[in-house]
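Please examine the sequence and the three-dimensional structure shown below. The paragraphs that follow explain selected parts of the arrangement.

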Protein chains: 2
Amino acid sequence: MSTTRRTTKPMVPADLDHWLADNDQRIHDELFDFLRIPSISARSEHNPDTRRAAKWLNDKLTSIGFTSAVHETPGHPVVLAEWRKAPAGAPTLLIYGHYDVQPAEPLELWTSPAFEPTIRDGKIFARGSVDDKGQLWVHVKALEAHLAVRGTLPCNVIVLAEGEEEVGSEHLAPFIEQHKKRLACDGVVISDSAMFAPGIPSILSSLRGLAYFEINVEGPNSDLHSGMYGGAVVNPGMALARILATFHDAKGKVAIKGFYDGIKPFTAAVRKGMKMLPFKDTTFMRELGVKALGGEPGYTTLEKLWTRPTCEVNGLLSGYTGEGAKTVLPGKSMAKVSCRLVPGQDPKQIEKLMKAHVKKVAPAGVKVTVTHLHGGKPWRAELDGPLFDAAQIALKAAFKRDAVIVGEGGSIPVVGDFERILKAPVLLVGFGLPGENAHAPDEWISVDNLRRGLRAMAVLYEEVAK
Amino acid sequence: MSTTRRTTKPMVPADLDHWLADNDQRIHDELFDFLRIPSISARSEHNPDTRRAAKWLNDKLTSIGFTSAVHETPGHPVVLAEWRKAPAGAPTLLIYGHYDVQPAEPLELWTSPAFEPTIRDGKIFARGSVDDKGQLWVHVKALEAHLAVRGTLPCNVIVLAEGEEEVGSEHLAPFIEQHKKRLACDGVVISDSAMFAPGIPSILSSLRGLAYFEINVEGPNSDLHSGMYGGAVVNPGMALARILATFHDAKGKVAIKGFYDGIKPFTAAVRKGMKMLPFKDTTFMRELGVKALGGEPGYTTLEKLWTRPTCEVNGLLSGYTGEGAKTVLPGKSMAKVSCRLVPGQDPKQIEKLMKAHVKKVAPAGVKVTVTHLHGGKPWRAELDGPLFDAAQIALKAAFKRDAVIVGEGGSIPVVGDFERILKAPVLLVGFGLPGENAHAPDEWISVDNLRRGLRAMAVLYEEVAK
């Protein structure tokens with residue numbers, strides 16, 4: 001699965017390599033400033049911070065020589081920066097990233113504060129370090145290296161950074177649609193994913209889609225005394241548990257009718273490639289601190305993570321959750337539930353199936369509503385063409401070994417939009433690592449990967465223009 | 001079921017009635033001071049408030065002529081006050097109540113602040129208004145009426161108020177045991193329950209017991225990205241839901257093996273009395289705002305509430321519960337679950353059955369622990385004797401109609417302890433009302449019931465001494 005298409009031994013050009021080394025401290029310092037901005041897109045109280053992050057990024061892109069502007073949307077703004085002075089005939093690359101971050105709760109589980117970047121053991125710990133400010137930063141600074149050292153770029157570059165990736169990118173597809181002539185390009189590069197393992201550069205061949213729901217169960221018009229009312233009133237907490245328990249069968253297969261319909265199997269070559277990757281269930285379990293794995297029977301762990309859909313509880317809330325005992329019969333309950341989707345599934349169809357399923361299993365005596373908070377389509381890459389070839393060379397130059405082709409269980413909803421609207425291939429090349437805690441406390445990015453990523457992307461811009 | 005054993009038409013003595021009317025404002029004002037103290041026993045950060053409430057009550061009892069002291073326990077203190085100057089041969093009553101209250105969350109659902117008592121529509125709204133500060137206050141002020149007007153009480157009186165009723169009364173039974181000679185009495189009176197309906201004074205014939213658990217499910221050692229890990233890791237939120245869903249069968253019967261073993265049926269007379277009470281499912285449902293009821297099949301609603309055991313979810317917490325969507329695979333989940341018990345069941349036995357059940361159904365890949373937070377035994381009253389007769393007369397004098405005999409679905413764990421240790425009958429006569437929100441936002445007590453309760457108890461002390 002991992003081959004380089006050219007026989008030369010790729011190298012990072014010395015001038016760029018030296019500039020990146022000389023400016024290493026400043027690259028870190030500025031990234032830390034970026035990471036200190038709590039641009040949590042899901043929380044309206046952080047809207048000023050999210051806007052501040054956009055402005056900060058816009059100013060940085062301007063300062064390195066791009067023409068940049070902050071564009072309003074009905075949600076969080078988009079930063080759009082351009083450099084179009086490449087020689088005639090040079091290709092145009094669009095680099096996409098996001099400056100928004102996940103909420104940081106539970107705060108008490110962070111070793112150092114989520115928005116005060118801290119280096120420990122060669123890792124930068126901060127919310128957004130790997131997802132995605134740090135990875136977006138790789139591109140900004142690789143572009144700066146070219147412009148600072150050589151006064152030019154080998155290709156035209158558009159940088160498009162949104163502030164709604166963590167809440168479903170609702171306004172990005174319309175923005176791309178609206179500006180599709182301006183955004184026309186020969187390829188889209190996205191760094192918002194992880195490498196398979198330390199030292200193994202990776203190109204992503206697939207992403208799972210997403211259908212994210214909130215399920216609300218409403219019972220009596222207020223919380224009740226569980227002694228005075230318990231036993232005759234349908235308990236919204238118990239009703240919710242019983243609904244959630246119908247989402248899977250006893251073996252772990254999703255039991256929502258029609259859920260697996262239309263799934264397009266992955267090619268035998270991709271499945272074979274997966275089996276050749278260095279992966280052990282025992283190591284995976286030890287890292288997670290669990291004694292057994294679960295999920296759909298009949299698939300390997302990597303197949304489950306990359307090629308099979310899921311239905312997961314993301315959150316539960318009902319009644320009394322504080323210290324000690326409170327004998328309350330809760331008036332309501334809530335679950336966040338999301339399905340990861342694979343090619344052949346569609347979030348809108350899954351929404352229909354989920355709503356029909358919940359309607360069927362919801363008990364009398366409570367009102368159950370299912371709200372589709374956001375969705376994204378699954379995606380599968382074309383694994384050839386000049387952009388893919390350039391990436392192989394660039395990664396080998398920086399990491400001194402061939403890249404592997406991997407799947408990814410997460411979702412980057414906009415990938416499909418780029419392909420559909422701009423008719424350009426998308427390259428997903430990321431510098432995170434397993435265990436990076438992307439949506440959890442103690443999120444981190446490897447300092448070494450940050451440095452190698454900068455060099456790899458500096459090479460990529462050159463290679464794609466050859 | 002409701003009969004008075006004497007043929008006289010009971011009256012509230014005019015001197016006591018007048019004093020209570022003249023002091024009505026002060027009685028309210030002082031109660032409000034009591035209610036303003038957030039003596040939340042479940043929350044250690046409120047320990048100073050809980051202690052302050054004990055001290056406040058102690059001072060009030062001292063000021064009306066009792067010899068009172070605050071007694072330390074390993075938990076919250078006990079207030080013990082005595083008045084022992086009744087004529088030789090007069091009986092001794094022990095009045096029990098509690099000065100601690102439930103937590104007030106969710107605070108945003110209170111119409112007026114939980115600890116700022118407010119009168120609206122003839123109701124005093126405040127946490128603790130009905131459970132149990134307001135009802136304890138009925139006794140304190142009825143005692144003050146006697147002492148203020150007549151300088152004496154018709155019987156000897158012990159007031160025992162604890163601060164741990166809402167968290168299981170752990171240290172009360174040892175306290176009673178330790179002071180059992182001093183607490184020796186002819187009867188125990190407790191006002192911590194509700195009347196069947198407005199205007200219908202009620203004597204309680206049974207209480208359900210309680211076994212309260214916290215169930216914790218631990219999966220991976222931190223919250224994970226649901227995309228990167230979902231589908232291969234056992235989800236603690238989903239695992240919890242599946243465990244909870246096994247607690248009942250499809251019809252609503254508790255499915256924990258052995259749960260119903262040994263239950264002693266209620267007498268046909270009690271069940272017949274229940275059926276004669278004015279109660280309509282349709283009204284009950286309308287008050288609660290639900291369209292259907294649930295629970296164990298084959299019983300009326302009152303039978304389910306008073307004579308049958310339950311298993312209820314009291315709280316759920318896992319993963320992300322804030323605004324919007326966070327694609328997290330939670331590292332852990334928690335449920336508060338409690339069983340209401342009826343005569344023939346024992347909390348320790350239920351704890352064993354619950355733990356065995358959860359162990360059986362818990363999936364591999366997560367660690368599930370069941371902690372028994374507290375328990376209380378169920379109770380059934382002897383419905384005769386001088387205390388019971390006096391109560392019938394007292395209630396008729398104040399409410400101008402015969403009392404009914406009702407059950408109660410809640411738990412007052414100490415009732416069984418009083419009977420067992422002091423060998424004295426226990427009278428449960430309460431002045432709450434249905435819909436009083438005892439453990440919920442907007443808890444209230446009726447001003448009219450407070451006034452009638454004061455008069456009823458003033459008469460009770462007299463009648464019991466006749």
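Which residue in strand 7 of chain A is the bridge partner of Leu93(A)? It is Gly187(A) that serves as the bridge partner of Leu93(A) in strand 7 of chain A. Before going further, the reader should know that this is a predicted model, in which local features need pLDDT of at least 70 and side-chain atom pairs count only at pLDDT 80 or more, while totals for chains, interfaces and linings use all residues. Residues are numbered from 1 along each chain as its sequence is written, and chains are lettered from A and ligands numbered from 1 in the order in which they are written.

In general, strands of a sheet pair through backbone hydrogen bonds, either parallel or antiparallel. Strand 3 (residues 92–98) and strand 7 (residues 187–190) of chain A run parallel and are joined by four bridges. Here strands (E, at least two residues) and helices (H or I, at least four residues) are DSSP runs, numbered from the N terminus, and two strands pair if DSSP finds at least two bridges between them. Strands 3 and 7 belong to an open sheet of six strands in chain A, with the order 1-2-6-3-7-17 and mixed pairing. Its edge strands, each pairing on one side only, are strand 1 (67–71) and strand 17 (426–428) of chain A. From one strand to the next, the twist averages 20°. Helix 4 (residues 133–150) of chain A packs on this sheet, where it touches strand 3 and strand 6 (156–162) of chain A, and the direction of helix 4 makes about 140° with that of strand 3. Such angles run from 0 to 180 degrees between N-to-C directions, and axes are lines fitted to C-alpha atoms, for helices over the stretch in contact.

A further feature is a pair of helices. Two packed helices are described by the angle between their axes and the distance between the axes. In chain A, helix 12 (residues 386–399) and helix 14 (residues 447–464) pack at an angle of about 140°, with their axes 8 Å apart. Helix 12 of chain A is therefore oblique to helix 14 of chain A; angles under 35 degrees count as roughly parallel, over 145 as roughly antiparallel, 65 to 115 as roughly perpendicular and the rest as oblique. Among the residues of helix 12 that meet helix 14 in chain A are Leu387(A), Ile393(A) and Phe399(A), and those of helix 14 include Met457(A) and Leu460(A). By class, this contact has 15 nonpolar, no polar and three charged residues.

The remaining topic is the meeting of the two chains. In all, 84 residues of chain A are in contact with 84 residues of chain B, where contact requires C-beta atoms, placed from the backbone, to lie within 7 Å. Strand 11 of chain A gives the largest share of the side of chain A that touches chain B, namely eight residues. Strand 11 of chain A also pairs with strand 11 (residues 312–319) of chain B in the antiparallel sense, over five bridges. In this region, Ser318(A) stands opposite Leu316(B). Because 100% of the interface residues of chain A are also interface residues in chain B, the copies meet through the same surface.

A rotation of 180° with 0.1 Å of shift along its axis superposes chain A on chain B, with an RMSD of 0.1 Å. The two copies are thus related as by a two-fold rotation axis. The superposition is made by least squares on the C-alpha atoms of residues with pLDDT of at least 70 in both copies.

Technical notes:
Contact = placed C-beta atoms within 7 Å. Nonpolar A, V, L, I, M, F, W, Y, C, P; charged D, E, K, R; others polar.
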